[in-house]
Every structure is written in C-alpha cells, then in structure tokens.
Amino acid sequence: MKCKEFRDLIFSCQDGMLAPVKNAEFAGHLRSCPACAEEFAALAKTGALLAEGAGDVPVPDWDRSWRRIAAAVAPRPRRRAAWDLFPRWALAAAGFLAFFILGIAFARLQLFPPGDSPAGTGDPAFAFTARDYFSLLQPVMAEYANAQDPGAAAPEDVQRVRRLLNDLYLLKMRAEGSRERGLQLLLGDIELVLLEMVHLDRSRPESVRRLGALIQEKGLPMKLRVFNPDNRKLTQI
Amino acid sequence: MNIQEENWVALAREGDPRAMHELYERHRSRIFSLAYRYVRNIPDAEDILQDTFIKAFRSLKNRALDDDGFFSTWIYRIAVNCAMDHFRRRRHEDVDGDWQRDFLAVDETRAAPSPEREYQRHEVAFQVRRLLDGLTARKRMIVQLRHFQQLKIDEIAELLGCSQGSVKKQLFLAMAQLRVKMDARCGG
C-alpha cells in the first residue's frame, strides 16, 4: 500500500468501513511507515481533543422556541378584498362591457364631432319651418315669375315681403352649419330676389318684368319645387 | 421514515399545528445539539433551531413524501445550512460573554463534578473553541459533524451535498490547521 492510498483510507478505517483484506493492508502500512504512523496518531490525537472539547449541550427553553415557531408558521387570516365578493368571470364581463361602451362612445365622437352637427340637420323644428317657409314662398315666386302685367304684378304688399325676408334670415342662421350647399345657395338667391321685391318700383312695368326675369334666371320656381315640403331631402335637413 | 412519522409529516404539510409540534419534539434535541456545538452559545443556537423549523414547515408543502426517511435527513440539512449562514453572519461578533454564561448554564443542570475535573473540561473546551474559530464555516461544520456529532464521511457528504472526496480533503486540511495551532499553543 502506498502512502497516498493510506491517507485516503484513514477516515474509512476510523469509520470501520474497510474490508478485512484492506484493513490488514492498512495495518501493515501503519507498522512499516513511520511518517504515515505519525500522521495517523496526530489525527487521532486531534480528534480526541476535539471530542473531549465538544462539551455538554445545555437545555434551552423548548416551549419558548416552539411558541416562536408556531407563531411564524401559523396561517395569517387573509383580509378579504372588495373584488373577492364577485366571481372573476363577472368582473371580467363587466370590464369588457365597460370597454365596449367606452369604445363605441369614442368612435362616435371621432366620426361625428359635435361641431359637425348642423343646426338644421336632424332638427325637426328647423325642417318644419323650412317646409312652411317654402310653401309660403312658392306661390309668391310663381306669381312674380309669370307676371307680364305690371298692374297685376304687385299682388304682394311690401310688408308681407319684408316678413318673408325676416323669416329668411332666421332660416339662414339655422342653416349656416348645414352640409347642404345647395340649400345655402338657394337661400342666398331667395334673399336677393326678396330684396329686389322690397325695393321694386311697382309703377314701372319693366322693373316688374326684370324681377320676373331674375326669378327665372335663378331658377327659383324649379328649385322650390325640388325643395318642396313633400320632398324627402328637405325633411332630412 | 416510520409510518407514524410519515403520518405526522403528512398532517404537518396540511398545516396541522399538533403534527408540527410532534415533529418539533422528535427532532429538536438533535438540531439544537448541532446548532449549539457549532455556535457555542444558547441564544444563537435557539435562533438556528427556530429558523430551521420555520423554514422546514414553510417549505414542507412543496416536498414529496415518497423518499424514505427524508424528513430527518432533510431537516438536519436545513439545520446545517442555517448554522453555517448564522455563523457567517456572526463571525466577527464577540460572543465570549455568551459562551462563559452558557457554561454556567450547563453546570446548573448537571451533577457537581470535582472542581479540578471541571476546570480541566472548561479549559479544553475553551481551547477547542479557540482552535475552531480559525476555520471557515464549512470546515468548521465538517469537523463538528465528524468529531462532535460522530457522523461518517458519507453521511457528512450527503448532508453538505458534496462528494466524499471533497469532505475528506477539507477534513484533512482542517485537521492539519488545527494541529498546527495546537502545536503552536503547546510550544508557547
């Protein structure tokens, strides 16, 4: 047996783990090698001193230690949170619904900003007024457009024309935000014609004819028919 | 692990305080002995004892029960690690006062020996403590498991989770270091 192997087996020998043959070899080397014998003796001496110095183990306060352990491992009562009252699927559904509603509201806001909504559009009161106004205006325009006789061409008194003009201004104010460019142009033409009517010199036949020509030029009888009270487009305004 | 202990472990896994207390009573002496001989003072040894059981009970839920005898080995391994961690933390603190007081505490529990014998025992224990103080936490633990707890090399290797060769090598180095110190003291 070599010294290195001997040293490898010292602890196994101390543990009584060597086979008899190996144990005999170990003992033989111990007798024949003074250095290994010295090493073995020194280890035994140190080990004996350590064992002697191990000392007794005092008795601690077992109960106090157990109380601390028990307190540390005891399950702590969990405070119930508000969301524990509802099942998770209900919370998820409510969250999804809220998200859906907010999404729709946001999309509506993006597609139809409040400023885009014209005063007349979708306003039943405005549509009703426009229908009434055009129904009043249509016969007047037709009468002037077809008037050839100056005497018969002044059926309307100035006061009535002024009232129509005033109503027109109100209508124009309401239609300012409208997307109907045709309606706005029509109202502009009507305004021009009514102003001519207010300032018309009814004693002069050529003035009356010129007004009739203006009405025809602007195409007001045709346009008023297009925007007549029964027309669906007007109802949508 | 015997059937009875297996049942206690199973109950402790479910948080049964009676089962935990039973396991504590079965293993407390062995663990406190290890802890006390390692740190050499009662308060620290009690801390190690408590830490060991708290860690064991808290992590017991995640352990499988199919390993025979696992609990005693497992909790002893926890105790070894707790003791080494504790020692590393407290290494530079002076615990001489605690040590002296603990020897007095031991004396009160034992039959009174002769004064000469008792003085000699104290002196040897004091010298051993001084010798062990120079070792690293791991070498100190290996020496203690070998010479105080009388464990075999394979048992120490299992507890520390390393090879037997590694344990032998470190034990040789530790013993050589102790011997040099002893010779120096004797020479002085």
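## Chain B as a whole

Chain B contains 9 helices and 0 strands, and read from the N terminus its elements follow the order α-α-α-α-α-α-α-α-α. The model is a predicted one, and every value in this report is to be read with that in mind. Of the 188 residues in chain B, 48% count as buried, and among the contacts in this chain between residues at least 6 apart in sequence, 66% join residues that are at least 24 apart.

## Helix 7 of chain B

Helix 7 of chain B comprises 12 residues, 137–148, and at 1.5 Å a residue it should span 16 Å; the C-alpha atoms at its ends are 15 Å apart, which agrees with that expectation. This helix is mostly covered, since 11 of its 12 residues are buried. Among the buried positions are the charged-residue names Lys139(B), Arg140(B) and Arg146(B), together with Met141(B), Ile142(B), Val143(B), Leu145(B) and Phe148(B). After the helix comes Gln150(B), which has a positive phi, near 60°.

## The loop residue Asn41(B)

Asn41(B) sits in the loop that runs between helix 2 and helix 3 of chain B, and with a relative accessible area of 1% this residue is buried. A polar atom of the Asn41(B) side chain lies 2.9 Å from the backbone nitrogen of Asp44(B).

## Helix 4 of chain A

Helix 4 of chain A, residues 62–73, also has its length checked: its 12 residues should span 16 Å at 1.5 Å a residue, and the end C-alpha atoms are 17 Å apart, which agrees. The buried residues of this helix are Trp62(A), Ser65(A), Trp66(A), Ile69(A), Ala72(A) and Val73(A). Viewed down the axis of helix 4 of chain A, these buried residues fall within an arc of 130°, and they therefore line one face of the helix. On the face turned away from that buried side, the helix carries the exposed residues Arg67(A) and Ala71(A).

The buried residues of helix 4 of chain A pack against two elements of the partner chain, namely helix 2 (17–39) and helix 3 (42–59) of chain B. At the N-terminal end of helix 4 of chain A, Asp61(A) acts as a cap, with a side-chain oxygen 3.3 Å from the backbone nitrogen of Asp63(A).

## The contact between the chains

The contact draws 33 residues from chain A and 41 residues from chain B, and the area buried between the two chains is about 3700 Å², of which 67% comes from carbon and sulfur atoms. Within the area that chain A buries against chain B, Phe11(A), Leu50(A) and Trp62(A) supply 19%, which is more than any other three residues. Trp62(A), one of these three, is also among the buried residues of helix 4 of chain A.

## Cysteines and a distant pair in chain A

Over all chains, the count of disulfides comes to 0. Cys3(A) takes part in no disulfide, because the nearest cysteine sulfur, that of Cys36(A), is 3.5 Å away, whereas a disulfide requires the two sulfur atoms to be within 2.5 Å. Cys3(A) is partly exposed, its relative accessible area being 36%.

Elsewhere in chain A, Gln159(A) lies in helix 7, residues 158–174, and counts as exposed at 52% relative accessibility. Its C-alpha atom is separated by 8.4 Å from that of Val198(A), although the two residues are 39 residues apart along the chain.

Technical notes. Residues numbered from 1 in each chain as written. Chains lettered and ligands numbered in written order. Predicted model: local features only at pLDDT ≥ 70, side-chain atom pairs only at ≥ 80, totals over all residues. Heavy atoms only, no water. Helix = DSSP H or I, 4+ residues; strand = E, 2+ residues; numbered from the N terminus. Expected span 1.5 Å × (residues − 1). Buried < 20%, exposed > 50% of the residue type's maximum accessible area, 1.4 Å probe, protein only. Arc of directions from axis to C-beta. Contact = heavy atoms within 4.5 Å. Polar contact = N/O pair within 3.5 Å; in protein donor to acceptor, adjacent residues only side chain to side chain. Buried area = accessible area lost by both parts, 1.4 Å probe.
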